[in-house]
Amino acid sequence: MDKQNSERNRDSSAISRVADILVCPKCSGQLKIKPDEILCLGCGSKYPIRGGVPLLARLGTSDTWSTDNGKSEISSKAYQEQYHDIVQAEDYNKAYKQKLFKRMSTAREYSILQRLLRSQGHCGVILDLPCGGGRLSPQIAPFTDLLVEADIAEGQVFYGKRNLSLNTPQIWMTASAFHIPFRNESFDGTVCCRLCHHLPTAKERQRLIKELLRVSKRFVIMTFFDYNSMKNMLRRIRQPFDHKAPKMTMTINEVRRQASENGAKLIASPALAFISSGHRYALMVKDNNRL
Ligand SMILES: C[S@@+](CC[C@H](N)C(=O)[O-])C[C@H]1O[C@@H](n2cnc3c(N)ncnc32)[C@H](O)[C@@H]1O
Ligand SMILES: [Zn+2]
């Protein structure tokens with residue numbers, strides 16, 4: 001067997017580890033995994049497998065899940081397309097490694113993420129969505145037997161798959177957090193870092209939390225930009241003078257309410273920093289979690 005064929009077989013056998021929980025992002029129908037594509041037995045959609053990566057991202061925002069006039073609204077549609085190119089993905093991932101301030105905030109981020117994951121015990125399978133180029137994967141991997149890495153952007157996923165090699169098995173794919181191609185409660189937990197603050201409408205932020213909690217059996221760890229953070233307060237004070245666009249924020253109470261509407265409790269919401277960052281981590285634990 002030549003090298004290309006053996007790589008293809010290895011990749012499709014990796015995907016088959018999640019065959020039982022994978023569903024169509026359009027109709028939630030059952031999928032049939034073939035060597036080069038995935039076929040939906042419900043609606044007939046076909047999803048290519050390129051370079052071992054199933055392309056299951058369903059693009060689009062509120063117009064794809066609600067019947068109201070979402071199309072005319074501001075949305076994160078342009079952001080969904082930002083990292084399709086691997087060069088842009090590479091710039092994003094290198095910036096985190098090179099810039100001193102980002103390196104310092106990343107160290108703090110690692111310790112918060114590890115503490116929250118440790119509090120939930122070891123997992124069978126965790127979803128990292130959006131995974132970007134796998135910046136946080138080495139922190140998540142020790143807490144699970146299998147790590148599913150997904151992002152809407154092909155560039156990010158290919159960058160991560162090419163540059164990251166961990167002891168924990170990983171499965172890479174494209175997927176939208178608004179249409180996660182997995183059954184309800186497929187994962188022990190889901191980690192969703194640095195997406196919420198790119199979503200400009202409450203409708204998108206609510207959809208995100210609903211989808212994350214739908215596919216998670218036990219917990220969700222998600223970052224959001226805190227409306228009441230010092231960073232955001234200073235930005236609001238300066239806004240009449242510098243006219244900078246407002247940040248896309250949530251309050252802790254809004255996160256708590258969204259968690260509760262989707263069968264979970266907000267257990268912790270540690271801030272990444274007091275002054276230099278407005279990001280917070282939210283740990284939402286499902287009401288039926290028996291840990
Ligand atoms: C700032 S990066 C964060 C990546 C990673 N979690 C991290 O902390 O480094 C945000 C990522 O969200 C992805 N993205 C944007 N919209 C998305 C959506 N609707 N569903 C899934 N991923 C999305 C982008 O492609 C980008 O890689
Ligand atoms: Zn379908």
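Two strands pair if DSSP finds at least two bridges between them; helices (H or I, at least four residues) and strands (E, at least two) are DSSP runs, numbered from the N terminus. This is a predicted model, where local features need pLDDT of at least 70, side-chain atom pairs count only at pLDDT 80 or more, and totals for chains, interfaces and linings use all residues. Residues are numbered from 1 along each chain as its sequence is written, chains are lettered from A and ligands numbered from 1 in the order in which they are written, and side-chain values use heavy atoms, with hydrogens and water left out.

**Exercise 1. The sheet**

Work out the strand order of the open sheet of 4 strands, and find which strands stand at its edges.

Step 1. Start with β1 (residues 31-33) and β2 (residues 37-40): they pair in the antiparallel sense over 3 bridges. Lys 32 sits opposite Leu 39 of β2, and the hairpin that β1 and β2 form has 3 residues between the strands.

Step 2. Move on to β3 (residues 46-50), which pairs with β2, again antiparallel and over 3 bridges. Check the register at two places: Glu 37 faces Pro 48 of β3, and Leu 39 faces Lys 46 of β3.

Step 3. Look at the turn. The β2 and β3 hairpin has 5 residues between its strands, and Gly 44 in that turn has a positive phi of about 85°.

Step 4. Put the order together: β1-β2-β3-β4, with antiparallel pairing. β1 and β4 (53-54) are the edge strands; each has a single partner strand, so one side of each has no neighbour in the sheet.

**Exercise 2. The ligand site**

Find which residues are closest to ligand 1, then pick out their polar contacts.

Step 1. Go round the ligand: 22 residues surround ligand 1 (a residue is near if one of its heavy atoms lies within 4 Å). The closest are Pro 130, Arg 135, Asp 151, Ala 177 and Cys 193.

Step 2. Now pick out polar contacts, meaning pairs of N or O atoms within 3.5 Å; within protein, one must be able to donate a hydrogen and the other to accept it, and residues adjacent in sequence count only if both atoms are side-chain atoms. A backbone N or O atom of Pro 130 is 2.6 Å from a ligand 1 nitrogen. Arg 135 puts a polar side-chain atom 2.7 Å from an oxygen atom of ligand 1. For Cys 193, a polar backbone atom is 2.9 Å from a nitrogen atom of ligand 1.

Step 3. Ask how much of the ligand is covered: the protein covers 99% of the 600 Å² of accessible area that ligand 1 has on its own. Accessible areas come from the Shrake-Rupley method with a 1.4 Å probe, and for residues only the protein chains shown count as cover.

Step 4. Go back to Pro 130, in the loop between β5 (123-128) and α5 (137-140). A cis peptide bond, with omega about 0°, joins Leu 129 and Pro 130.

**Exercise 3. Backbone oddities and burial**

Locate Glu 185 and His 243, and say whether each is buried, partly exposed or exposed.

Step 1. Recall the background: most residues other than glycine have a negative phi, and most peptide bonds are trans.

Step 2. Glu 185 has a positive phi of about 55° although it's not a glycine, and belongs to the loop between β7 (170-174) and β8 (187-192). His 243 also has a positive phi of about 55° without being a glycine; its loop runs between α8 and α9 (252-261).

Step 3. Apply the cut-offs: buried means under 20% relative accessible area, exposed over 50%, partly exposed in between (1.4 Å probe, protein chains only). Glu 185 has 34%, so it is partly exposed; His 243 has 59%, so it is exposed.

Step 4. Try the cut-offs on two helix residues. Ala 95, in α3 (residues 86-98), is buried because its relative accessibility is 17%. Arg 205, in α7 (residues 202-214), is buried too, at 12%.

Step 5. Finish with a distance: Arg 205 and Met 250 are 45 residues apart along the chain, and their C-alpha atoms are separated by 8.6 Å.
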